[in-house]
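Trainee: I am new to this structure and would like to go through it slowly with you. Could we start from the terms we need and then work through the parts one by one?

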Amino acid sequence: MPEPKHYDTIIVGARVAGSSLAIQLARAGQKVAVLDRTTFPSDTLSTHVVYPNTLKRMDELGVLDRVLENGPPPLYTAWHYDGQMVVAPHTPIAGRDWAICVRRITLDSILVDQARSDGAEVFEGCQVTGLIGEATDTDPVRGVTASGPEGEFSLTADVVVGADGANSSIARLLGAEKYSVMPSETMQYFAYWKNADVRNTQDFFFEPPWIVTHFPSDNDHHVVSINGPKSERKSIKNLEEFYLSKLESVPALWGRLSRAEKVSQVKGTTRLEGFYRRSTGAGWALTGDAAHFKHPATAQGIGDALHAAEALAPMICSGTYRDEYPQWRHEASRELYAFSKHLAEVPTHASMELMFKALVHDPDTARRLFDVWSRRSRPWEDVIPNIPGMEATTGTSVEDVLTPIESQDDLRKTA
C-alpha cells in the first residue's frame, strides 16, 4: 500500500462547519482535505435561518451572492399572539437589516464548491473508520482511516478536525463526552412546501404550548415547522396528520398554504438538549455542532459554525488552537447558551402576555430582542431589564442559569 497522502489539516464533515473552515485554512495557505460520508447536494436537519451577522460572514467567504441567486427573500421577524403582531428589522450589519432562510441542500453544496475552488481536496461518500494515533501528547492524532467508493485508504495530517455534527463520529472515537448538558422540554418538526403565499417575514405564531412557524426559503420552498412539548410525542400516532392539524389550527398561516403543496415528509426530533464537548487535544479539534450545540430555537447553528471557522483557522495555522480555541468558544457562546434555556422551554399564555404587553408598546425593545439572534444585543443587558417580570422566567443572569448546570460536571469539563 502506498504511503498515505499528507495534509496540514484533515476535516471530517463537509457541511457548513467543515467547508467554511476548509475555505479559511486553504486561503491561509494550508493543504486541506475534507471528508464526508454523503455526496452533495444533500439535505440535513437544520434551523435554516441566518441573520445579518452571518450574511456578512457569507459575503466575506464569497458565497453570499450564490446563495441569494437561489431566491431566498429578505425576512424581517414577526411574532403573533392573541391577535397582536410585533414586527421589526434588525440593526443593520454591512447594510443588511434582514435574515434569510436557506435549505442546507442549497447552502452546503455552495460551500463545498467554494472549498474546492479555494484548493481544498474534498472526498465525498467516504466514511471515516478510525484515527491514526492515540490522541496523547506522546502519540497525537496524526490522521484518519476511511472507506470510500474505491475501498479503504488512509490520510495523515498535523491536525484532524471533527466537523461532523452533534452525533460526531470523531467525538466518539476520541471519547469526547458531553458536559454542561441543558435539557429541553420541546420537540421540533418541519416539512418543506412549495407555492405558498410569500411574505417578507419569518413568522412565529405563538399558540401555547405550541409555536408554529413559517419561513419562506430558497427556490420557492418554504419551511413550516411546529415546536411544542416533547412529552406529547408518545401520544402522537400519526405525525403527518398531527403536523397538518397544528397548521390548520392557525388560520393566518393555513390561508397562506391553501394553494401550496407539501413536498417532503415531516422530519424533526425530540432530542434537542444542548451540550458542550471538550474541543481540543493532542492533534485534534472539534468544531460546529460536534463541539457545542444550542437548542434550534436560537437559530445559531449555521452562524456559530461560520464564526468558529473564522476564529479557529488562524489558531490552527499558528499551532495555538489547543489553548486558545476552548477559551474563545467559552466566551463566544456562554451568554446565548444561557438564554437558550428559556427558548427551549414550553411557552405559556402567562409568559406570552407578559412579553407582548411590553413589545407592542416598545419598538426599540422589540428590535433589541430580535437583535439577540444577530448577536447585536445581549439578553441580560439590553432586553430582559426592559420587560417587567421577564427575569422570573429567564433567570436573573447568565450565572443564575448556568451555574446549576456547570456545577454538576466541573470535573468532567476540565478532564
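Mentor: A salt bridge here is a side-chain nitrogen of Lys or Arg within 4 Å of a carboxyl oxygen of Asp or Glu. Please keep in mind throughout that this is a predicted model.

Trainee: With that cut-off, how far apart are the closest N and O atoms of R334 and E406?

Mentor: R334 is an arginine and E406 a glutamate, and a pair of this kind counts as a salt bridge when nitrogen and oxygen lie within 4 Å. R334 and E406 do form a salt bridge, and their closest N and O atoms are separated by 2.8 Å.

Trainee: Which helices does this pair tie together?

Mentor: The two residues are 72 residues apart in sequence, so the salt bridge ties together separate parts of the chain. Both ends are buried, because R334 has a relative accessible area of 13% and E406 also has 13%, where buried means under 20%. R334 lies in residues 321–343 and E406 in residues 398–406, which are helix α9 and helix α14.

Trainee: Is R57 buried or exposed, given that its side chain meets E310 in a salt bridge?

Mentor: The side chains of R57 and E310 come to 3.3 Å, N to O, and the pair links helix α2 (residues 52–61) with helix α8 across 253 residues. E310 counts as partly exposed, because its relative accessibility is 32%, which falls between the limits of 20% and 50%. R57 has a relative accessible area of 16%, and since the limit is under 20%, R57 is buried.

Trainee: How many salt bridges does a search of the whole structure find?

Mentor: Another of them joins K341 and E345 at 3.3 Å between the closest N and O atoms, with K341 partly exposed at 33% and E345 partly exposed at 22%. Salt bridges that share partners also join R15, R104 and D108 into one network. Over the whole structure, the search gives 24 salt bridges.

Trainee: Turning to the nonpolar parts, which helix gives the most to the largest nonpolar core?

Mentor: The largest nonpolar core has 67 residues, and I10, I11, L21, M58 and L286 are those with the most contacts inside it. Apart from it lies another core, of 44 residues, including Y192, L343, L359 and V398. The helix that gives the most to the largest core, with 10 residues, spans residues 301–318 and is helix α8.

Trainee: What is the relative accessible area of C101?

Mentor: C101 lies in strand β6 (residues 100–101) and, leaving out residues up to four places away in sequence, touches H48, V49, P72, L75, F215, P216, S217, D218 and V223. C101 is classed as buried, because its relative accessible area is 0%.

Trainee: Which element gives the most residues to the lining of the second largest pocket?

Mentor: This pocket holds about 660 Å³ of space, and of its 38 lining residues the closest to its centre are F206, I211, A297, L343 and W373. The lining divides into 23 nonpolar residues, 14 polar and one charged. Among the elements that give two or more residues are β12 (186–194), β13 (201–207), α9 and α10 (349–359), and the one giving the most, with four residues, is α10.

Key
Residues numbered from 1 in each chain as written. Predicted model: local features only at pLDDT ≥ 70, side-chain atom pairs only at ≥ 80, totals over all residues. Heavy atoms only, no water. Core = buried A, V, L, I, M, F, W, Y, C linked by side-chain atoms within 4.5 Å. Buried < 20%, exposed > 50% of the residue type's maximum accessible area, 1.4 Å probe, protein only. Contact = heavy atoms within 4.5 Å. 1 Å grid on protein atoms, 1.4 Å probe; cavity = no way out; pocket = protein on both sides within 12 Å on 5 of 7 lines; lining within 4 Å. Points joined across faces, edges and corners; volume = space filled by probe spheres on them. Nonpolar A, V, L, I, M, F, W, Y, C, P; charged D, E, K, R; others polar.
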